[in-house]
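Thanks, everyone. Let me put the structure up and then walk through it.

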Amino acid sequence: MRTALTELVGVKHPIVQTGMGWVAGPRLVSATAEAGGLGILASATMTYTELEAAIKETRARTANPFGVNLRADAQDAPERVDLIIREQVKVASFALAPKPDMIAKLNDAGVVVIPSIGAARHAEKVAKWGAHAVIVQGGEGGGHTGGVATTLLLPSVLDAVDIPVIAAGGFFDGRGLAAALAYGAAGIAMGTRFLLTQESTVPDAVKQAYLHRDLNGTVVTTRVDGLPHRVLRTDLVDHLERSGRLSSLTRAITNAAKFRQQTGLSWRDMIKEGLAMKHGKDLTWSQVIMAANTPMLLRAGLVEGRTDAGVLASGQVAGLLDDLPTCAELIESIIEEAEEIIDRLRDVR
Ligand SMILES: Cc1cc2nc3c(=O)[nH]c(=O)nc-3n(C[C@H](O)[C@H](O)[C@H](O)COP(=O)(O)O)c2cc1C
């Protein structure tokens with residue numbers, strides 16, 4: 001199946017495994033790449049040195065192209081961009097719109113730039129600045145997300161820009177890929193579906209917690225870091241939603257102290273990170289601190305397997321999933337089903 005996406009990055013299938021913090025490491029990314037999709041390493045939750053090692057390990061596991069996701073507002077984003085260029089990583093993916101000079105630098109070095117966006121006007125902006133493609137994530141998607149569903153956001157973005165658009169938010173099977181292509185997208189990007197595969201390093205008990213959800217099992221909360229964040233509905237999240245300012249400030253500081261210990265970040269740097277995530281929003285101090293230590297809460301859930309104490313980012317699609325395929329099985333079945341549908345639709349006329 002050849003699309004503008006497969007041509008642009010040189011992958012076999014128009015399927016992207018997105019850069020999910022604490023989830024998208026070398027094992028998942030290389031399995032996706034070996035199966036013919038585009039795997040993206042999540043670097044927002046890695047130190048610079050960990051990212052360097054992750055790129056090397058991924059390269060040792062696969063000769064196929066892969067990408068790195070980074071936060072354009074991270075303090076060391078310029079160094080990470082240099083690393084991506086030096087290591088000749090094929091794709092730079094951004095959780096937030098990168099600045100024009102960052103895009104230009106990557107462009108000059110031959111790195112394909114694919115920011116994730118949540119509104120047509122953001123797509124227009126990054127397209128004007130030279131981004132090669134965009135991932136558009138609808139409200140049903142996991143992690144930070146907007147309020148507009150993929151079915152409406154996707155056509156609005158497709159109408160706004162001429163660069164390839166990759167559809168994300170709620171995809172999991174061949175019907176979704178065929179539908180996205182019918183809209184005019186160049187492929188699909190999936191987070192939650194790839195989190196629930198054999199090669200994902202998320203602890204088994206946590207995967208089971210996702211698999212047992214129904215379609216109402218997620219909630220969008222701003223209580224984690226002040227920005228709308230789609231996560232599994234857990235006791236912790238219910239508690240955060242109910243708790244007053246004082247209790248969340250205490251929790252924020254406790255978590256921040258643990259995160260600081262783990263990452264070696266100074267308090268000053270942490271506050272700076274938190275402020276950078278503020279995005280001009282009117283956040284309380286506890287929210288700023290929470291923003292800075294959200295990675296810690298996600299780590300407790302996704303790495304340590306603490307479904308009680310951690311935050312588990314998840315798309316609504318978790319409610320429809322009940323298996324843990326390998327990446328190869330997943331990608332093959334999606335392509336096969338999408339091809340069958342497209343063939344069948346040819347006879348409909
Ligand atoms: C556990 C988890 C962690 C995520 N972390 C990131 C991240 O670090 N950077 C990013 O750009 N998007 C992140 N996302 C969003 C995904 O990249 C993707 O856009 C989203 O999962 C697509 O929706 P879906 O879950 O319905 O497939 C995360 C999503 C999940 C489920």
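I'll cover the sheets, then two helix pairs, then three single residues.

One caution before we start. This is a predicted model. Keep that in mind for everything I say.

Start with the barrel. It is closed, and it has 8 strands. The order runs 1-2-3-4-5-6-8-9, and the pairing is parallel. From one strand to the next, the twist averages 25 degrees.

Take one pair from that barrel. Strand 8 covers residues 165-168, and strand 9 covers residues 187-190. These two run parallel, and 3 bridges join them. To find the register, look at Ile166: opposite it, in strand 9, stands Gly187.

Now, which strands does helix 4 touch where it packs on the sheet? Strand 3, at 66-70, and strand 4. The direction of helix 4 makes about 175 degrees with that of strand 3. Anything over 145 counts as roughly antiparallel. So helix 4 runs roughly antiparallel to strand 3.

Strand 7 is missing from that barrel order, 1-2-3-4-5-6-8-9. Where does strand 7 sit in the order 7-11-10? At an edge. That second sheet is open, with 3 strands and antiparallel pairing. Strand 10 is the other edge strand, and each of the two pairs on one side only.

Let me give you the pairings in that sheet. Strand 7 is residues 143-144, and strand 11 is residues 229-232. They pair in the antiparallel sense over 2 bridges. Strand 10, residues 218-221, pairs with strand 11 over 4 bridges, also antiparallel.

His229 is a good residue to click on. It is the bridge partner of His144. On the strand 10 side, Thr221 stands opposite His229. Further along that pairing, Thr218 has Leu232 of strand 11 as its bridge partner.

On to helix packing. Two packed helices are described by the angle between their axes and the distance between the axes.

First pair: helix 4, residues 77-86, and helix 5, residues 100-108. The angle is about 15 degrees, and the axes are 10 Å apart. Helix 4 and helix 5 are therefore roughly parallel to each other. Their crossing is right-handed. Helix 4 brings Ala77, Pro78, Val81, Asp82, Ile84 and Ile85 to the contact. Helix 5 brings Met102, Lys105 and Leu106. By type, that contact has 7 nonpolar residues, no polar ones and 2 charged.

Second pair: helix 6, residues 120-128, and helix 7, residues 150-160. Here the angle is about 35 degrees, with the axes 8 Å apart. This crossing is right-handed as well. On the helix 6 side, the contact uses Ala120, Ala123 and Glu124. On the helix 7 side, it uses Ser156, Val157 and Ala160. That contact divides into 4 nonpolar, 1 polar and 1 charged.

Now the single residues. Back to helix 4, which holds Arg80. Is Arg80 buried or exposed? Buried: its relative accessible area is 7%, and the cut-off for buried is under 20%. What does Arg80 contact, leaving aside neighbours within four places in sequence? The list is Ser43, Met46, Thr47, Tyr48, Leu51 and Leu70.

Compare Gln88. This residue is in the loop between helix 4 and strand 4, which is 91-94. Gln88 has a relative accessible area of 65%, so it is exposed. The cut-off there is over 50%. Gln88 and Ala256 are 168 residues apart in sequence. In space, C-alpha to C-alpha, they are 34 Å apart.

Last one: Ala338, in helix 15, residues 327-346. Its relative accessibility is 0%, so Ala338 counts as buried. How far is Ala338 from Gly174 in sequence and in space? They are 164 residues apart in sequence, and 4.2 Å apart in space, C-alpha to C-alpha. Gly174 is also one of the contacts of Ala338 once neighbours within four places are set aside. The others on that list are Met1, Leu177 and Ala178.

To recap the sheets: a closed barrel of 8 strands with parallel pairing, and an open sheet of 3 strands with antiparallel pairing. Both helix crossings I showed are right-handed: helix 4 with helix 5, and helix 6 with helix 7. That's my walk-through. Over to you.

Conventions: Residues numbered from 1 in each chain as written. Predicted model: local features only at pLDDT ≥ 70, side-chain atom pairs only at ≥ 80, totals over all residues. Heavy atoms only, no water. Axes fitted to C-alpha atoms, helices over the stretch in contact; angles between N-to-C directions. Parallel < 35°, antiparallel > 145°, perpendicular 65-115°, else oblique. Left-handed = near helix turned anticlockwise from the far one by under 90°. Contact = heavy atoms within 4.5 Å. Nonpolar A, V, L, I, M, F, W, Y, C, P; charged D, E, K, R; others polar. Pairing = 2+ DSSP bridges. Buried < 20%, exposed > 50% of the residue type's maximum accessible area, 1.4 Å probe, protein only.
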